[in-house]
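Work through the exercises below with the structure open. Try each task before reading its solution.

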Amino acid sequence: MTPAARISAAIEVLTDIEARRRPANDALKDWGLAHRFAGSSDRAAIAGLVYDALRRRASSTYVMGEVTPRANMLGMLRLERGLDVEAIAALFSGARFAPEPMSDAERERVAAANLDDAPPHIAGDYPEWFDGSFAAVFGEARVEEGAALAARAPLDLRVNTLKVERDSETAELAEYNPEPTGWSPVGLRIVVAPGSRSPAIQSEPSFIKGGIEIQDEGSQLAALFSGARPGEQVVDLCAGGGGKTLALAAMMENTGQIFATDTDKRRLSPIHARLERAGIRNVQVRTPRGSTEILEDLKGVIDLVLIDAPCSGTGSWRRNPDAKWRMRPGALEIRQKDQTAVLDRAVPLLKPGGRIAYITCSVLDEENGAQIRAFLARHPAFSVEKPDRVAAVLGERGYLFTKAALISGDGLLMTPRRTGTDGFFVSILRQN
Ligand SMILES: C[S@@+](CC[C@H](N)C(=O)[O-])C[C@H]1O[C@@H](n2cnc3c(N)ncnc32)[C@H](O)[C@@H]1O
């Protein structure tokens, strides 16, 4: 396909996403099924265009003065890809399979595109109803924080230290030029150029043999900050597919015991194959059974309960750029109720002096600090561990990390702008 034909296809996919309010991935898959002639490079390029357009939807449509998939694409090519008017006109040529030529008004808009007078939610590319929440956390920096959350994310890997070392995996994956992550001692980062195919990591021998897992550096750090130690008794209460469980098992050197559960059986099911591949022997999966409390026998004996809480996912907008436009205020309220319930469920499991690691991939205080403050009001026997102690697990980089992250009395917040990771909040609640 020509570059112009790819743009037409991407506009078609954006139109489908908007008309049927469906996830970008589903719309892209359907397009692929209906256009089997398109090769894998074409598909990757079209997906790159669609995701970049979604990342910059508010700012692109603002500069073009209309909210349509075509305006979204034109504005994105200018603002995100940095193409000038003539380069865009060459793509919007009206030739066979190319989009219609730009009108005079469109040319003028593209030429004059700038965000100098745009309101924060437009320049930062986030939904307007989040503006109050973003202002509460980031103040004047919310435009830059929003823009960093709208940027493309690198591909991060966690090296499974139960099987291999970071240096050997760096050599194994040399064709992708992986770099050690800045903070996590077990992370590798691969930067993917815009519109290029993401490396097929799942087909790599390193992955198949359990040497690496795909996991954002922020998620790796959240697991590290729990301070899980060899020999401990740990509950992973929201284990889902097991990303954090696997990281905890490696930190605990396959000793002690991790009880992994989740309220949703389907989300839990991939964990079995992942544990097997990673060579993990200290995890017991507790699959939920109706309304029975499956953790009854663990009351009062647990050192650490990890809560990777269900949340808005605002911190992972880099990886799910369409999710931010689909989210509604009602969904946030439901998540907050779940978070409160899951925090309270952790308390009776702890032995005296035990701790809860509360984690979200959200940047909103409603799901982070406000949850912690409400928890402390309900459970005065707990206190928040000081962030410098939490970050001490990073050794000498711990100090720099506490300068980079957003620290409060409630915990620490990572963001793409501040720590170069997805947005993650971590609070360690210790029972006195
Ligand atoms: C952020 S995801 C977990 C991701 C997982 N820990 C990982 O690292 O791959 C949150 C999980 O919480 C689960 N969940 C939602 N409400 C819950 C509750 N009340 N108790 C336990 N888990 C819950 C969801 O099913 C979801 O799998």
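Helices here are DSSP runs of H or I with at least four residues, and strands are E runs of at least two, numbered from the N terminus. The model is predicted.

**Exercise 1. Overall build**

Task: How many helices and strands does the protein have, and is it as compact as a globular protein of its length? What does the contact pattern add?

Solution.
Step 1. Count the elements. The protein has 22 helices and 13 strands.
Step 2. Compare the radius of gyration with the globule rule. The radius is 23 Å, close to the 22 Å that the rule gives for 432 residues, so the protein is as compact as a globular protein of that length.
Step 3. Take the box along the principal axes. The C-alpha atoms fill roughly 70 × 45 × 45 Å.
Step 4. Check burial. Of the 432 residues, 47% count as buried.
Step 5. Look at contacts with a separation of 6 or more. Residues 24 or more positions apart make up 70% of them.

**Exercise 2. The shell around the ligand**

Task: Which residues come nearest to the ligand, and which helix gives the most to the shell?

Solution.
Step 1. List the nearest residues. The ligand has 17 residues around it, and Cys-238, Gly-240, Gly-243, Asp-264 and Asp-308 come nearest.
Step 2. Find the helices involved. H14 (243–251) and H18 (329–346) each supply at least two shell residues.
Step 3. Rank the contributions. H18 gives the most, with three residues.
Step 4. Sort by class. The shell has six nonpolar, five polar and six charged residues.

**Exercise 3. The annotated positions**

Task: Which residues does UniProt list for "binding site", and where does each of them sit? Is Asp-262 buried or exposed?

Solution.
Step 1. Read the record. An unreviewed UniProt entry lists Asp-262 and Asp-308 under "binding site".
Step 2. Test whether they gather. They span 47 residues in sequence, yet their C-alpha atoms are no more than 10.2 Å apart, so they gather at one spot.
Step 3. Place Asp-262. This residue is in the loop between strand E6 (257–261) and helix H15 (265–268). The cut-off for buried is 20 or more other C-beta atoms within 10 Å. Asp-262 has 24 such neighbours, so it counts as buried.
Step 4. Place Asp-308. This residue is in strand E8 (residues 302–308). With 25 other C-beta atoms within 10 Å, Asp-308 is buried.
Step 5. Compare contacts, leaving aside neighbours within four places in sequence. Asp-262 is in contact with Cys-238, Ala-239, Gly-240, Arg-267 and Leu-268. Asp-308 touches Cys-238, Lys-244 and Ile-359. Cys-238 appears in both lists.

Notes
Residues are numbered from 1 along each chain as its sequence is written. This is a predicted model: local features need pLDDT of at least 70, side-chain atom pairs count only at pLDDT 80 or more; totals for chains, interfaces and linings use all residues. A residue is near a molecule or strand if its C-beta atom, placed from the backbone, lies within 6 Å of it. Ala, Val, Leu, Ile, Met, Phe, Trp, Tyr, Cys and Pro count as nonpolar, Asp, Glu, Lys and Arg as charged, and the others, Gly among them, as polar. The radius of gyration is taken over C-alpha atoms; the globule rule is 2.2 Å times the number of residues to the power 0.38. A residue is buried if 20 or more other C-beta atoms lie within 10 Å of its own, exposed if 12 or fewer, and partly exposed in between; C-beta atoms are placed from the backbone. Two residues are in contact if their C-beta atoms, placed from the backbone, lie within 7 Å. UniProt positions are given in the numbering used here, feature names are shortened, and annotations may be inferred rather than shown by experiment.
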